[in-house]
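Colleague: I've got a new model open on my screen and I'd like to learn how to read it. Could you walk me through it, one feature at a time?

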Amino acid sequence: MRRLLLLTAALVLLAGPAAAVNPDEQLKDPALEQRAHQLSKTLRCVVCQNQSIDDSDAALARDLRIILRERISAGDTDSQAIDYIVARYGSFVQLDPPLRLDTLALWFGPLIVLALGGIGAFVYMRGRSPAAAGALTAEEEADAAEILKSDGAR
Amino acid sequence: MLAEVGQFALILALLLALVQSAAPLWGAHRGDGVLMAVGRQAALLQAVFIVLAFGALAWSYVTCDFSVQLVAEHSHTSQPVAYRFAATWGSHEGSMLLWVLILAIYGAGVAFFGGTLRETLQARVLGVQGVIGAAFLGFLLFTSNPFLRLSPAPVEGTELNPLLQDPGLVFHPPLLYLGYVGFSVAFCFAVAALIEGRVDAAWARWVRPWVLAAWIPLTAGITLGSAWAYYELGWGGWWFWDPVENASLMPWLLGTALLHSALVLERRGALVSWTILLAILTFSLSLVGTFLVRSGILTSVHAFAVDPKRGVYILGILAVTTGLSLALYAWRAPAIRTGALFQPLSREGGVTLNNLFLTALTATVFLGTFSPVIIEMVNNDKISVGPPYYAKTFAPLAIPLLALVVFGPMLNWKKDEARKALVRLRIPLIVAGVVLAAALPFGGLKGIATAGGLALATWLIVGSVWILGRRWWSGRAYLGRSILTTPRSIVGLVVAHAGLGLLTLGITGVTSWESDKVLNMKVGESVAFAGRTLTLTDYALTEGPNYQAKTARFAVKGPTGAYDLRSEKRWFPSAQSQTTEAGIRVGPLGNLYVSIGEESDAGVIVRLWNHPLIVWIWIGGFAMAAGGAVSLSDRRLRVGAAVKTQPLVQPVPAE
Amino acid sequence: MKRLLFILPVVGFVGLLAVFFLGLGRDPRALPSVFIGKPLPAFATAPLRPGDTGLASTDFQKGEPALLNVFASWCGPCRVEHPVLMRLRQEGVVIHGLDWKEDAPAGLKWLTERGDPYVRAGNDPTGRTGIEFGVAGVPETFVIDKQGRVRYRHVGALTPEDWDQKIGPLMEQLRKES
């Protein structure tokens, strides 16, 4: 019995990796709860290593989940609710990086790489086409003539 | 005593690596056969000594020699033997030793099997390999010595992190390292080719199998990592875009591009400079990955303990290795005879397009992983990049690539026509179109993505199997023989590309239809979820070899029948940490995933997930690796199956 | 032109190396405060000590720089930094305390047993007040200037080195500011 109590105490006090929304946090309205659920997946738990507040067991994650649900219940739109938390913890808390001047490269980089690479591939393949190879140079003509003259002797 | 032997073996290995660096490179330059032979011997001996060193460390772990500091920090007498052994690579120092071991074995492989190579080429490859080996051995000995002693030796060690006490630890790191380090062979070949100033048929024949030999374990390792995270971490995720995961994905993406380029190079002699550049960049990404995990530049659940001093050393290795090779590329590559010609619409053109997309995908992952570092340096604001970013950037780029995958093998070499190619593919097009049309009406706007994903998966699977279908149909007069004599490289291709289709199927299923539920339950209560009924039948204390647990048992009634599931929270007293073990019912149509949380007066928290089709993600991943293995086993394309050339006609002097 | 393309990879790589090298110096887990340079958001908390008036944002606009120390009796590193705070108090540094996520009696017991370095002290049983200015855990110490603006956030226990190298000099500088 004592072991059971000790074990329970240990398990309760120490957070382990397990995803994390508790039944008592959930909103009654399923549509609002679903919104909150989706939004919490986009918010980082700042005291964990690379988890969203939806996945994390940390106390701060729980607090932020509750605050998020309060804001949504109070009638905030999705972006207003997120902004509330960003105003307090910074843009670091958004797993979906904001579209700003300094994140332009981040968001448009992939497309730019594809476009530049596409142009490069196009130019490259045009150069590789047999039609572009052109005629033989004088040197190559001479080499070819010599090979033809030597009658296939190895 | 054994640890000292291990340490001494490492020192000898370092000296041999230095010899291996200098002798063959100088020998190739001077045409000195003796020096080049010295390089081969050095490579073989170096491998022997590192095997010895690794064995010494592993033995210390298995026998629980707590006088070795590493063993004291990561092992425990109550730890099962398999994990005592696997803990050899469960730390920074030990995993570095594994890295160096695999590097040496690959080097010995080049020395041993490279008899058919031009001697100067082999020497230069070994020389470059020696430089890399020496750099990492130096790193080991000077900053991360695995054989440090602990005095006085403790009676009992600190246990290995319980999350790592799993079969996954036995296989995941070795497979990944076989991949990362395996790409060093292609790297060495590329640099050797640049030094020599030419690329010939022998070079191409060598590079492709060795790239494949690295690609296969990397694919398997990443897949295994995903599956391990799924059942171990307790919340059913299978990919987190964590920086260290990205560090394994980037060399994989570029390595896939390298594989296909090497294939074209070998068959057609085209894409020469591309293959060289990709070989350099793929291994460089492996090095970047090592840097990421060990330097502390980014946070990650996977990262080893942070030590910036180690980070600087690895950065130095990266700077020299990649910097010098890219500089060499800039200097020498333009002069290398350019490869064969081809029309844009051809298999070579297809591979070029494939490379383009894979490079863009690699750039995406790279941007996502390193932007936080760059942006913070530029304007001191921390941002965060997580799964939502990749969903918006990676997925849209991957989709056209997946569609093109089916076209590639169907195109002719050198020159093809669009209409003819489409006609060849009419059956898969029709089947995929039917699936798309059938799936579209369901699910509204989001359903379009789902229907698209299902159609894409069908397209990949049917389109790949269709290669065999066409082949066997045209040989249908002798169907049995036609099937049996199918070249393994083609079977490998089909299995790998179809595996990609299975992967797409799994991802579509899970992303579209995943659902979850969380509630408090007391023993005896039931809940209905995703077409199943779960009843909590028991909740009690249990014991394991080195842990105590609170175990919940569930009786489940589902469409496939009735079965039991068990989920527990384990407490490891010596490591003072807790893990959650989920109960998972695996099925081809979907997984049921149960995980328990904290308990309170209201009962115990039970979390339920439904993961439709998720198992196909890992079946697909392993199928890709299997396809690669089948292709590798094709004797025609492996070096070593050397055929003695005979002139067809004996020249007869004219009388 | 073709040459130029071949040089691109090595040039790009050198740039990347620079990024990596500079990136090694930073701590990826550091949490900069959003409020640096901005005033502390308005708040008021219940008193921690009986007969006291609690802690409010207006306490930080009294014309001299102050430290806001967020602590709790259940927090291990708080134990480590406590003697440092006591010493600083003796040297005349103004420190206000916020007892975070526990009931007032527990916090009060902590102060009675270990000593009280705080000029003003408030109790935040739910942690909500701390969340208003981005507290992520305990202990954390904010450096507030004469106008009540946040100038620096220190996460973790305040060691003597932290004071000597960073926070002490900053407080000096803030004192000299108008």
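**Reading the two chains**

Modeller: Let's begin with contacts, meaning pairs of residues whose C-beta atoms, placed from the backbone, lie within 7 Å. In chain B, 74% of the contacts with a separation of 6 or more are between residues 24 or more positions apart. Keep in mind that this is a predicted model, where local features need pLDDT of at least 70, side-chain atom pairs count only at pLDDT 80 or more, and totals for chains, interfaces and linings use all residues. Residues are numbered from 1 along each chain as its sequence is written, while chains are lettered from A and ligands numbered from 1 in the order in which they are written.

Colleague: What does that contact share come to in chain A?

Modeller: There, 50% of the contacts between residues at least 6 apart in sequence join residues at least 24 apart.

Colleague: How many helices and strands are in each chain?

Modeller: These are DSSP runs numbered from the N terminus: helices are H or I with at least four residues, strands are E with at least two. Chain B has 19 helices and 9 strands. Chain A has 7 helices and 0 strands.

Colleague: How do I judge the overall dimensions of chain B?

Modeller: Use the radius of gyration, taken over C-alpha atoms, and hold it against the globule rule of 2.2 Å times the number of residues to the power 0.38. For 655 residues the rule gives a compact globule near 26 Å, and chain B has 27 Å, which agrees. Its C-alpha trace spans about 105 × 75 × 60 Å along the principal axes.

Colleague: And what share of each chain is buried?

Modeller: Count the other C-beta atoms within 10 Å of a residue's own, all placed from the backbone: 20 or more is buried, 12 or fewer is exposed, and in between is partly exposed. Buried residues are 56% of the 655 in chain B and 30% of the 154 in chain A.

Colleague: Why is α10(B) called largely enclosed?

Modeller: Because 24 of its 24 residues are buried, α10(B) is largely enclosed by the rest of the structure. It covers residues 272-295 and reaches 35 Å from first C-alpha to last, close to the 34 Å expected at 1.5 Å a residue; that expected span is 1.5 Å times one less than the number of residues. Just after this helix, G296(B) takes a positive phi of about 80°.

Colleague: Which residues touch the most other members of the largest nonpolar core?

Modeller: A nonpolar core is a set of buried Ala, Val, Leu, Ile, Met, Phe, Trp, Tyr and Cys residues joined through C-beta atoms within 7 Å. In the largest one, of 202 residues, V100(B), A186(B) and F189(B) touch the most other members. Beyond its neighbours within four places in sequence, A186(B) contacts several residues, including V207(B), W210(B), A279(B) and F283(B). Apart from that core lies another, of 52 residues, among them A20(A), V21(A), L68(A) and Y389(B).

Colleague: Now the interface. How many residues are in contact between the chains?

Modeller: 54 residues of chain B are in contact with 45 residues of chain A. On the chain B side, the largest share, 13 residues, comes from α12(B). Sort that side by type, and you get 27 nonpolar, 20 polar and 7 charged residues. Here Ala, Val, Leu, Ile, Met, Phe, Trp, Tyr, Cys and Pro count as nonpolar, Asp, Glu, Lys and Arg as charged, and the others, Gly among them, as polar.

Notes: Two residues are in contact if their C-beta atoms, placed from the backbone, lie within 7 Å.
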